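Colleague: Could you take a close look at one residue in this model for me, then walk outwards from there? I'd like the cut-offs as you go.

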Amino acid sequence: MNLPSTQRGAALLMVLLMVAIMLVLSVNLVESVRYSSQRLLNQRYMDQAYWYALGGEYIAAKSLEDVAGEDVIALNQNWARRDVVFPVEGGSIAGLIDDQQACFNVNRLHRPDGSEQSGQKSGAQQVFELLLLNVDVDVQRAEYIGQRLSDWVDSDFSPEGPFGAEDLSYSGEDYPYLPPNQAIDSVSELGLFADFDAEEQEALRPFLCALPEFDTRLNINTLGEEDAPLLAAAIGNLLAVEQIQRLIAERPAEGWASVESFIASLGLPEGQQVAAEFQAGLGVKSSYFLGLADVFYEQRRLRLYSRFVLRNGKAYAYAREYGEVF
């Protein structure tokens, strides 16, 4: 049976439309399968990179346990090496460890419940304000930041000094919030109460950290020359930053054996001594470290930051972060 020409044209058009639809569906199906396959491959690669990173964390823990029983923690020990790279199939694992007690622990400004307020600044608060002065923050601004930070981490609800602030100050903001009144987890919280500008943040960032303990000591053996402003503040600014920088450069390779030997090396004139409250914040050992496992695998990169604490000769990873740490 012969169809009219108009009907034959409509039938051909319908066939072409169906072929076009099937072609589009086929392309979408192939693309979906390709995308799913690539996604699964990427996930497999990242999972492998993650396990390599955990392997790097394990190696870091073991290197820290090797010095857990030492009387002195110093930069000449194996844990402090900066050239550690392990080749693996498909890539490599690079790693390093930083001493987290080579910085000022802002949680040292915490005051426990029931502590007496005599109006006398603690040694930690004096060190913090002196550090601010050493990075060119003016005196009034240093007192403002110091009092605000002290109130931020202390346990009570009473503002300290003319610049102190507690719940009532922050609950009245356009976006109200409350201070934690406990140890903070990150120094990034400082921007919530001190209104830091970019220059202040950049100046202070290398010297501050937030550790889960209130009573930690600054390890004088793991500071670099760039940390001279902090060490100068830690002894009450009895010596200029430049003098402290030279002292760190001339430090024995194995570190100072004790805080007393460090103080003796200062060469202070007779009658001038480092105050007891400053000496109490210094030490030659460390318990907190930050390890980095930088994994490069199959053209993909994964960074794992592990926070370690040494307890009874063992290194425990108590926190992990991925990517970049700010």
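What does Met 18 count as, going by its relative accessibility?

Modeller: Met 18 counts as partly exposed, because its relative accessibility comes out at 47% (buried is under 20% relative accessible area, exposed is over 50%, partly exposed is in between, with a 1.4 Å probe and protein chains only). Before going on, bear in mind that this is a predicted model, where local features need pLDDT of at least 70 and side-chain atom pairs count only at pLDDT 80 or more, while totals for chains, interfaces and linings use all residues. Numbering starts from 1 along each chain as its sequence is written, and side-chain values use heavy atoms, with hydrogens and water left out.

Met 18 sits in helix H1, residues 5–65 (helices, H or I, are DSSP runs of at least four residues, strands, E, of at least two, numbered from the N terminus). Met 18 also has company at the surface: together with Met 14, Val 15, Leu 17, Val 19, Ile 21, Met 22 and Leu 25, it makes a nonpolar patch of about 770 Å². Patch members have over 30% relative accessible area and no salt bridge, and nonpolar side chains are joined within 5 Å; the areas are Shrake-Rupley values with a 1.4 Å probe.

Follow H1 along to Glu 65 and you get to charged contacts. Glu 65 pairs with Lys 314 in a salt bridge, with 3.8 Å between the closest N and O atoms (the criterion is a Lys or Arg side-chain nitrogen within 4 Å of an Asp or Glu carboxyl oxygen). That pair links distant parts of the chain, since Glu 65 is in helix H1 and Lys 314 in strand E9 (residues 314–322), 249 residues apart. On the H1 side, Glu 65 is buried, at 18% relative accessible area, whereas Lys 314 is partly exposed at 36%. Lys 62 joins in too: Lys 62, Glu 65 and Lys 314 are linked in a network of salt bridges.

The structure has 12 salt bridges, so let me pick out two others. Arg 82 and Asp 98 meet through their side chains, N to O at 2.9 Å. Arg 82 is in the loop between H1 and strand E1 (84–88) and Asp 98 is in strand E2, so this pair ties together parts 16 residues apart in sequence. Asp 98 counts as partly exposed because its relative accessibility is 29%. Then there's Lys 121 with Glu 143, whose closest N and O atoms are 4.0 Å apart. Here Lys 121 belongs to the loop between E3 and helix H2 (123–134), and Glu 143 to helix H3 (residues 139–153), distant parts of the chain 22 residues apart. Lys 121 is partly exposed at 30% relative accessible area, and Glu 143 is partly exposed at 27%.

Last, the covalent cross-link. Searching the whole structure turns up 1 disulfide, which joins Cys 103 to Cys 209 with an S to S distance of 2.2 Å (the cut-off is a pair of cysteine sulfur atoms within 2.5 Å). It bridges distant parts of the chain: Cys 103 is in the loop between strand E2 (91–99) and strand E3 (104–105), Cys 209 in strand E4 (residues 208–209), and the two are 106 residues apart. The link between Cys 103 and Cys 209 is right-handed, with 95° about the S-S bond. Unlike partly exposed Met 18, Cys 103 and Cys 209 are both buried.

Definitions and conventions
Patch = residues over 30% accessible without salt bridge, like charges linked within 9 Å, V, L, I, M, F, W, Y side chains within 5 Å.
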